[in-house]
Amino acid sequence: MSARLLSIPAVAAALDVDRRTVYRFIAAGELPVVDLRTGTERSRVRVPAAGLEKFIACRLVASPRARR
């Protein structure tokens, strides 16, 4: 299994949004995460690349010209 995991800043850059927006997508359940927490330290979440691709694919819309 070779699941590529992306950091929150990497996801934000890929979507051209702020990190806070990425966290909102996560909180809304729209982006899956893997929590890499070890012990009692704060969580370190990563987004699977496949999850980001699915997120983007679900939001594709046809251009106005193609809708006619």
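**Group meeting talk: a walk through a predicted model**

Okay, let's start with S43, which sits in the loop between β2 (34-35) and β3. Before I go on, please keep in mind that this is a predicted model. Back to S43: is it buried, exposed or partly exposed? With a relative accessible area of 36%, S43 is partly exposed. If we skip the neighbours within four places in sequence, S43 touches D35 and R37.

S43 also takes us to the pocket. The lining of the largest pocket is made by S7, I8, P9, R19, Y23, R42, S43, R44, V45 and R46. Which elements give two or more residues to that lining? They are α1 (8-15), α2 (19-27) and β3 (45-48). Sorted by class, the lining has four charged residues, four nonpolar ones and two polar ones. And how much space is in there? The largest pocket holds about 220 Å³. If you're wondering how anyone finds empty space in a model, rolling a probe the size of a water molecule over the atoms shows where it is left.

Now stay with β3, because strand β3 is also where you find V47, and V47 is buried, with a relative accessible area of 0%. So what is around V47? Not counting neighbours within four places in sequence, the contacts of V47 are R4, L5, L6, I8, V11, I26, L31, P32, V33 and L52. Look at I8 in that list. I8 and V47 are 39 residues apart along the chain, yet their C-alpha atoms are separated by 7.2 Å. You may remember I8 from the pocket, since I8 is one of the lining residues there.

For a contrast, here are some residues on the outside. D16 lies in the loop between α1 and α2. Its relative accessible area is 70%, so D16 counts as exposed. The backbone of D16 deserves a glance too: phi is near 55°, a positive value in a residue other than glycine.

Then there's A50, in helix α3 (residues 49-58). A50 is exposed as well, at 58% relative accessibility. Between the C-alpha atoms of A50 and V34 there are 12 Å, and the two are 16 residues apart along the chain.

Further along is P64, which belongs to helix α4 (residues 64-67). P64 has a relative accessible area of 62%, which makes it exposed. Try finding V22 from there: V22 and P64 are 42 residues apart in sequence, and C-alpha to C-alpha they are 27 Å apart in space.

Let's zoom out to the whole chain. How many helices and strands does the protein chain have? There are four helices and three strands, and reading along the sequence you get the pattern β-α-α-β-β-α-α. The radius of gyration is 14 Å, while the globule rule gives 11 Å for 68 residues, so the protein chain is more spread out than a compact globule. If you drew a box along the principal axes, the C-alpha atoms would fill roughly 55 × 30 × 20 Å.

A few totals before I sit down. Of the 68 residues in the protein chain, 25% are buried; V47 is a buried one that we met. Among contacts with a separation of 6 or more, 38% are between residues 24 or more positions apart. The accessible surface of the protein chain is about 5400 Å², and carbon and sulfur atoms own 52% of that.

So, to wrap up, find three places on the structure. Start with S43 in its loop between β2 and β3, go on to buried V47 in β3, and finish at exposed P64 in α4. Thanks, everyone!

Methods
Residues are numbered from 1 along each chain as its sequence is written. This is a predicted model: local features need pLDDT of at least 70, side-chain atom pairs count only at pLDDT 80 or more; totals for chains, interfaces and linings use all residues. Side-chain values use heavy atoms; hydrogens and water are left out. On a 1 Å grid over the protein atoms alone, a cavity is a set of points where a 1.4 Å probe fits but cannot get out, and a pocket is an open set with protein on both sides within 12 Å along at least five of seven lines; lining residues have an atom within 4 Å of a point. Grid points are joined across faces, edges and corners, and a volume is the space filled by probe spheres set on the points. Ala, Val, Leu, Ile, Met, Phe, Trp, Tyr, Cys and Pro count as nonpolar, Asp, Glu, Lys and Arg as charged, and the others, Gly among them, as polar. The radius of gyration is taken over C-alpha atoms; the globule rule is 2.2 Å times the number of residues to the power 0.38. Buried means under 20% relative accessible area, exposed over 50%, partly exposed in between (1.4 Å probe, protein chains only). Contact means heavy atoms within 4.5 Å. Accessible areas come from the Shrake-Rupley method with a 1.4 Å probe; for residues, only the protein chains shown count as cover.
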